[in-house]
Amino acid sequence: MKYAILCYHAENVVCAWSKEHDDEVMAKLSVVLERRAKAGQLGPVARLMPTTAATTVRKDNEPALVLDGPFAETKEQLLGFYVFDCANLEEALDIARELSEANPGGAHEVRPVGYFLDGSAPT
Amino acid sequence: MTDLAWLDAAVTGARPQAMAALLRYFRDLDRAEEAFQEASLKALKTWPQNGPPRDPAAWLIMVGRNVALDAIRRERKSEALPEDEAALSDLDDAEGALVDRLDDAHYRDDILRLLFTCCHPDLPSTQQIALALRVVSGLTVAEIAKAFLVSEAAMEQRITRAKRRIAEAGVAFGTPGPVERSERLGTVAAMIYLLFNEGYSASGGEAHVRKPLCEEAIRLARLLLRLFPAEPEILGFTALLLFQHARADARLDADGAIVLLEDQDRALWNRGMISEGEALLDKAMRHRRPGPYQVQAAIAALHSTAGSYADTNWAGIDALYATLEHMQPSPVVTLNRAVAVSKVEGPEAALAMIEPLASKLGGYFHFFGLKGALLAQVGRVDAAREAYDRAIALAHTTQEAAHIRLHLDRLAQDAGQGKRPRRKAP
């Protein structure tokens, strides 16, 4: 079975970390990831940029409504995620709209990825 | 992170929200600060025991308000009230209701008001910044004094004076309308930019104490952006700060001397910040409501994404500066544009462009620095030397002066090696 592990934290606290502290945390995480990569267990890893960089496509309107900011409702739950390579935000939003048409209702939050591993060990 | 460090980070993170709400309740900066202080002390006692609350800001607001209300009652009745530990115990129920209220739109006006209060037009900009660092960011007076290179006593006095001024003027407590809100937002962004520049224009040895000013400015910009996620100028503003701060590690060499953009080791630029800046700028541009911060961010983006100084898209930068000149005409903008023009059309064109600025920028270091460089490029060595001498006389820091002296030395070297071109009329 594949498991996705989702990381939550207070953004205003994490964004205020000094570079040294951030590096320290990332280094400790790398140790964990490296061990799991060696065991062949590691899938893709993504550290997302802050929610201030997010844009949300709401699908309950026609055409879909594009809003600045993260998905902030509590009525819906996180059901899955995709990672795409895009030239810019506009292209990412186009993909989100395509997905919305195929899968009606709810919303898609589009968030740039700050740090990404494709499943191989961190370097 | 140790428990204490976590607690500290949580209290600091919650401070703007909590202070903003407390200022709304008490309409008095000192009272709000005392209330927050008391609440933080109680957090220090109870959080390690009971675990952190679900919403630290809500907890601090609730406790701070209770403590301050008790203090007010005590002052009025001049009699002691029982300790408020009982009030603390039903916090869990109250917290939920308070969190709901925190999501209301008026809550973001609270934080904007708190920031805006620090920007009172009667206060000189240095006092605005110092007050924001103290009240909103929660830096100690000692920390602020160190960053501004003044004694603690002097900074204490500066902040006290600023607070008195604000208390006399009164805080604007009405809910702002859309126009007023947007004006406040502009004023607050300008103050945060001043704070950033205070850290950015750091000279050598002080860099390590001034860098936190830039970081604090970015933290406040992010805060504004969370409150106003769809304001393109705030997106552009935050992007601009990120692009500029991304170069911090490359801007000074080991001796603390300034390294110009063209000589910077681009491997030292913070790629994470640059990508975040690009993402924010991308979001801003979707609104098709350009403004000066977005244009400046776009200029910074072209610099940040160029592989080398030579590979920079100077034509793009020239065009963006032309737009900025149109939006916000200023001799300094034209001066900056002249750098791009010198790359696209050559130094003669740039010299012609800056010539009319002489009367307005006669006391500006960078004007003479650029003039000297352009004159040197066209071989007018004596005129270049003259301009460099003026620049040195106008330098604000020893680093700035040292940098110009380096150019003077190069001029002298070139002349010594017989490279000196035929002297043209100055």
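**Exercise 1. How much area do chain B and chain A bury between them, and what share of it is on carbon and sulfur atoms?**

Conventions: this is a predicted model, in which local features need pLDDT of at least 70 and side-chain atom pairs count only at pLDDT 80 or more, while totals for chains, interfaces and linings use all residues. Residues are numbered from 1 along each chain as its sequence is written, chains are lettered from A and ligands numbered from 1 in the order in which they are written, and side-chain values use heavy atoms, with hydrogens and water left out.

Solution.
- Buried area is the accessible area (1.4 Å probe) that two parts lose on being put together, summed over both.
- For chain B and chain A the value is about 1800 Å², with 60% on carbon and sulfur atoms.
- With contact taken as heavy atoms within 4.5 Å, 22 residues of chain B touch 23 residues of chain A.

**Exercise 2. Count the salt bridges and polar contacts between the chains, then describe the side of chain B that touches chain A.**

Solution.
- A salt bridge is a side-chain nitrogen of Lys or Arg within 4 Å of a carboxyl oxygen of Asp or Glu.
- Over all chains there are 26 salt bridges; between chain B and chain A there are 3.
- One pairs the side chains of B:Arg226 and A:Glu11 (3.8 Å, N to O). B:Arg226 lies in helix H11 of chain B and A:Glu11 in helix H1 (residues 11-15) of chain A, so this pair joins two chains.
- Another pairs the side chains of B:Arg286 and A:Glu90 (3.7 Å, N to O).
- A polar contact is a pair of N or O atoms within 3.5 Å; within protein, one must be able to donate a hydrogen and the other to accept it, and residues adjacent in sequence count only if both atoms are side-chain atoms. Between chain B and chain A, 5 residue pairs qualify, both residues at pLDDT 80 or more.
- H1, H11 and helix H14 (271-286) of chain B each give two or more residues to the side that touches chain A. Helices (H or I, at least four residues) and strands (E, at least two) are DSSP runs, numbered from the N terminus.
- H14(B) has the largest share of that side, 7 residues.
- By class, that side of chain B has 10 nonpolar, 5 polar and 7 charged residues. Ala, Val, Leu, Ile, Met, Phe, Trp, Tyr, Cys and Pro count as nonpolar, Asp, Glu, Lys and Arg as charged, and the others, Gly among them, as polar.

**Exercise 3. Which elements make up chain A, in order from the N terminus?**

Solution.
- Chain A has 3 helices and 5 strands.
- Their order from the N terminus is α-α-β-β-β-α-β-β.
- The C-alpha atoms of chain A fill a box of roughly 45 × 35 × 30 Å along the principal axes.
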